[in-house]
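Q: Please take a close look at the largest cavity in this model. I would like to know what lines it, and how it sits beside the rest of the structure.

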Amino acid sequence: MANYVVAGTGTTTTALIRNPRRKSSSAAQSSSQLALHFTQNHSYLRRTSKTFRPIYASVSSSPAPVTKPDDLVDSILSKVMQTDRGVLLKREEHKKVAEVAQELQRFCVDEPVKCPLIFGEWDVVYCSNPTSPGGGYRSAFGRLFFKTNEMIQVVEAPDIIRNKVAFSLFGFLDGEVSLKGKLNVLDEKWIQVIFEPPELKVGGLDFQYGGESEVKLEITYIDEKIRLGKGSRGSLFVFQRR
């Protein structure tokens, strides 16, 4: 509260004026409280940051198991056995056989044509093209009359191959078609076989017919148990040792 004299009038006027010191003091007090509040919060945050530390989890993915050749061999045999050498398989099933064969190819020896394991007696247990082994006897029409009992390939040292298809005609008359061929090595994987005219035996009949034939085959895998081959037209063969 302050009294002032208005100039030229002689009148005394009373005015209510706030004390600037009190305002300054109040502002200082508020500032001090704010600073204290900030300091306390900052101290709390520092304590909190020490309490809650980030936790890092290390997740390591297990490497894919390495497939062994023996497992692949068992897999491909399980897919082709009891399928009439591939005739009964559907398109997707043929594709799965081809995938396993492709995996096995990675484990093939460097020069399979020189491997002594190629010699011996082999059952033809699968072909992606049913008419490749056995010709017309294995066509859709031929299978109506000729039931295939066995298909055998014998590889004799040094360069002889004998193929035989044993069948039953009309289910009761046994017969067989056999071919003898000469093996020629083309490179470290490919062979060529030139066959003589086939020989047919049915009942008491035995005669040759037709002419010579030629096939080329790439050996893509071989071991003590199976042999894989691929023909020049892409047909996949699976042979199992007898």
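A: The largest cavity has a volume of about 30 Å³. The structure, which is a predicted model, holds one cavity of 30 Å³ or more. Rolling a probe the size of a water molecule over the atoms shows where empty space is left.

The lining of this cavity consists of R85, V124, Y126, C127, N129, P130, P133, R138 and M151. By class, six of the lining residues are nonpolar, one is polar and two are charged. Strand β3, residues 120-127, gives the most to the lining, with three residues.

One of the lining residues, P130, can be followed further. P130 is placed in the loop between β3 and β4. Its relative accessibility is 22%, so P130 counts as partly exposed; the cut-off for buried is under 20%. Apart from neighbours within four places in sequence, P130 is in contact with V87, R138 and R143. R138 is itself among the residues that line the cavity. P130 and L88 are 42 residues apart along the chain, and their C-alpha atoms are separated by 9.8 Å.

The largest pocket is a separate item. Its volume is about 930 Å³, and 41 residues line it. Those that lie nearest the centre of the pocket are S132, P133, N163, F195 and V215. P133 is also listed in the lining of the largest cavity. Several strands supply at least two residues each to the pocket lining: β4 (146-156), β5 (160-169), β6 (173-185), β7 (190-195), β10 (213-222), β11 (226-231) and β12 (236-241). Of these, β10 gives the most, with six residues. The pocket lining divides into 22 nonpolar, 14 polar and five charged residues.

V193 gives a view of strand β7, where it is found. At 4% relative accessibility, V193 counts as buried. Leaving aside neighbours within four places in sequence, V193 is in contact with I161, G181, K182, L183, S213, E214 and V215. V215, one of these contacts, is also one of the residues nearest the centre of the largest pocket. V193 and K180 are 13 residues apart in sequence, with their C-alpha atoms 9.3 Å apart in space.

The aromatic residues add detail on β4 and β5. The structure holds five aromatic pairs. In one of them, the ring centres of F146 and F167 are 4.9 Å apart and the ring planes stand at 85°, so the pair is edge-to-face. F146 lies in strand β4 and F167 in strand β5, so this pair ties together parts that are 21 residues apart in sequence. F167 has a relative accessibility of 2% and therefore counts as buried. F167 and T148 are 19 residues apart in sequence, and C-alpha to C-alpha they are 4.4 Å apart in space.

A second pair is made by F207 and Y209: their ring centres are 6.4 Å apart and their planes are at 55°, so the pair is tilted. Neither ring belongs to a buried residue, as F207 is partly exposed at 38% relative accessibility and Y209 is partly exposed at 31%. In addition, F141, F145 and F170 form one aromatic cluster.

For the protein as a whole, there are three helices and twelve strands. Buried residues make up 30% of the 242 residues. Among contacts between residues at least 6 apart in sequence, 50% join residues at least 24 apart.

Confidence varies along the chain. The mean pLDDT is 80, and 73% of the residues reach 70 or more. Over residues 1-52 the pLDDT is below 50, and this stretch has 20 contacts in the model beyond near neighbours in sequence. Over residues 54-64 the pLDDT is also below 50, and that stretch has zero contacts beyond near neighbours in sequence. Where pLDDT is low, the predicted coordinates should not be read in detail.

Definitions and conventions. Residues numbered from 1 in each chain as written. Predicted model: local features only at pLDDT ≥ 70, side-chain atom pairs only at ≥ 80, totals over all residues. Heavy atoms only, no water. pLDDT = per-residue confidence, 0-100. Contact = heavy atoms within 4.5 Å. 1 Å grid on protein atoms, 1.4 Å probe; cavity = no way out; pocket = protein on both sides within 12 Å on 5 of 7 lines; lining within 4 Å. Points joined across faces, edges and corners; volume = space filled by probe spheres on them. Helix = DSSP H or I, 4+ residues; strand = E, 2+ residues; numbered from the N terminus. Nonpolar A, V, L, I, M, F, W, Y, C, P; charged D, E, K, R; others polar. Phe/Tyr/Trp six-rings, centres within 6.5 Å; stacked < 30°, edge-to-face > 60°. Buried < 20%, exposed > 50% of the residue type's maximum accessible area, 1.4 Å probe, protein only.
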